[in-house]
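The following is a walk through one protein structure, taken element by element. Please keep the sequence and the coordinates open while reading.

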Amino acid sequence: LDDSMMLKGTPALKTQLDGPHAIPAVQTSTLHIGAIQAIHPGAGKLLLEFQRALGLATNGNLYSTPANFQTAAALHTDRMDGYIFQTSGSKRWQVYEPVPQIFNPVWGVHENAEWGKEDGQPMSKGMVGKMVMDVVLRPGDILYVPRGFPHATSTVVDNTTPEEEEGRTDTEKEEPSIAITLSTHTEAHHLVYEKLVRCTLARSGYCEQPKPDGDGKYCPIGRVLTKYALSEKGQGLRQSLPVGFLNEGRQWLTFVQKMAHKSERMLKAVVDMAKEEDNIMGLSKDLLDDTQKLSEELVQTAGQVFRTQTRDLDALEKTFAGNNDDIPFSQRQQYWAQMFGRTGPFVGGFCHEGGPNVFFMDYFM
């Protein structure tokens, strides 16, 4: 099994398995096949329809879990929006509200922007709000889980009605759960207002201050931006950019004006907040007062978002099964992963000639 085909629930999370060992391992673990659309034509067609309809980068993962697993997935959050298609067997989903502090989490502002995945430890109950759903998915059911909403799954189905339980055969009770999760990506590709404002500030000259250790540059105003994004007033910065929901024909420019207007208000709030800071580390008053420069760069940054979105979706389509027949089967998932990793408007030197190492640096200081 390569990096896109993992077993969860055994000591070996990623391992090469020969035939005699593969079947017992799959019978006692969750089998996860990543980027299923790269190798399965039916999944590729489904993902293609989703991606074109929503105008967002889309990925598909297949999960097969044996029946009667008390914990198929421990309580955790994801950085993407998930659409779960149950194709076989049953799986119980418990979905919770996130607490306000981590609602719409953003990488950098909220560290890695996901919880409950490191070292197999479930997320703290203090980060979890009330339960909003406790449901069993059966073949044909679809569930939507927004990014950042804590959830846990199990294949122990103990909340069926007596009538439902009586109608289930022994085979059905032992049938593994098989589901495909389609994920759409905004925040994971930095398509949020906070990153749009951050890039605009970098392009406007706010990331030219030397680091305290003297090795390179960074953005001291980035700390103000993070502080504002964590506040109640700044929650709008955590929202996804409106880059293409049901955007037939990909008329991206129809969204730019609305997005730029909202961003301009947020940008002004961050700069005003920076002016009140006692120690803003070398930012001149002239720079903070240059609203014309900020407005001009905001338009450029908003345009970059939509230009790259069109480019990236076209590139990802070429990795789907049916469009990648010239790539050896064993390399198709890896090829998709390479393309997916390059997706997003703020890679390279667009925001700053020093790249993300400069305008993301203040997250780590």
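The paragraphs below go through a helix, several strands, a buried acidic residue and the aromatic side chains. The model is predicted, and features described locally are limited to residues with pLDDT of at least 70.

A convenient starting point is helix α2, which covers residues 41-54. Its 14 residues reach 20 Å from the first C-alpha to the last, close to the 20 Å expected at 1.5 Å a residue. The buried residues of α2 are Ala-43, Gly-44, Leu-47, Leu-48, Phe-50, Gln-51 and Leu-54. Among the elements that cover them are the strands β3 (57-65), β5 (81-88) and β10, together with helix α9 (291-317). After α2 comes Gly-55, with a positive phi near 70°.

Strand β3, one of the elements covering α2, contains Gly-60. Is Gly-60 buried or exposed? Gly-60 counts as buried because its relative accessibility is 0%, and the cut-off for buried is under 20%. Beyond its sequence neighbours up to four places away, Gly-60 touches Ile-33, Gly-34, Ala-35, Ile-36, Gln-37, Leu-47, Thr-181 and Leu-182. Leu-47 is one of the buried residues of α2, and Thr-181 and Leu-182 fall within the range of β10, 177-185. Ile-33 is 27 residues from Gly-60 along the chain, and their C-alpha atoms are separated by 8.7 Å.

Past the end of β10 the chain enters a loop that leads to α5 (193-203), and Glu-187 has its place there. Glu-187 has a relative accessible area of 1% and is therefore buried. A polar atom of the Glu-187 side chain lies 2.7 Å from the backbone nitrogen of Trp-107. Not counting residues up to four places away in sequence, the contacts of Glu-187 are Arg-79, Pro-105, Val-106, Trp-107, Ala-113, Arg-147 and Val-192.

Next come the strands around β6, residues 91-98. Six of the eight residues of β6 are buried, which leaves the strand mostly covered. Strand β7 (residues 128-137) runs antiparallel to β6, and seven bridges join the two. One bridge pairs Pro-98 with Val-128 of β7. Strand β9 (residues 151-154) is also antiparallel to β6, with four bridges between them; here Val-95 stands opposite His-151.

Leu-75, in strand β4 (residues 73-76), touches residues from these strands. Its relative accessibility is 8%, so Leu-75 counts as buried. Its contacts outside the four nearest places in sequence are Tyr-96, Gly-116, Pro-122, Met-123, Lys-125, Val-128, Pro-150, His-151 and Ala-152. Val-128 is the bridge partner of Pro-98, and His-151 is the residue opposite Val-95. Leu-75 and Tyr-96 are 21 residues apart in sequence, and 9.5 Å apart from C-alpha to C-alpha.

The aromatic side chains come last. How many aromatic pairs does a search of the whole structure find? The search gives eleven. Among them is the pair of Trp-336 and Phe-340, which is stacked, at 4.6 Å centre to centre and 25° between the planes. Both residues lie in helix α10 (residues 332-341), four residues apart, or about one turn of the helix. Trp-336 and Phe-340 are both buried. Trp-107, already met as a contact of Glu-187, forms one aromatic cluster with Phe-359, Phe-360, Tyr-363 and Phe-364. A charge also meets a ring: the charged end of Arg-203 sits over the ring of Phe-350, 4.3 Å from its centre.

Terms used:
Residues are numbered from 1 along each chain as its sequence is written. This is a predicted model: local features need pLDDT of at least 70, side-chain atom pairs count only at pLDDT 80 or more; totals for chains, interfaces and linings use all residues. Side-chain values use heavy atoms; hydrogens and water are left out. Buried means under 20% relative accessible area, exposed over 50%, partly exposed in between (1.4 Å probe, protein chains only). A polar contact is a pair of N or O atoms within 3.5 Å; within protein, one must be able to donate a hydrogen and the other to accept it, and residues adjacent in sequence count only if both atoms are side-chain atoms. Contact means heavy atoms within 4.5 Å. The expected span of a helix is 1.5 Å times one less than its number of residues. Two strands pair if DSSP finds at least two bridges between them. Rings of Phe, Tyr and Trp (its six-membered ring) pair if their centres lie within 6.5 Å; planes under 30 degrees apart count as stacked, over 60 as edge-to-face and the rest as tilted. A charge sits over a ring if NZ of Lys or CZ of Arg is within 6 Å of the ring centre and within 35 degrees of the ring normal.
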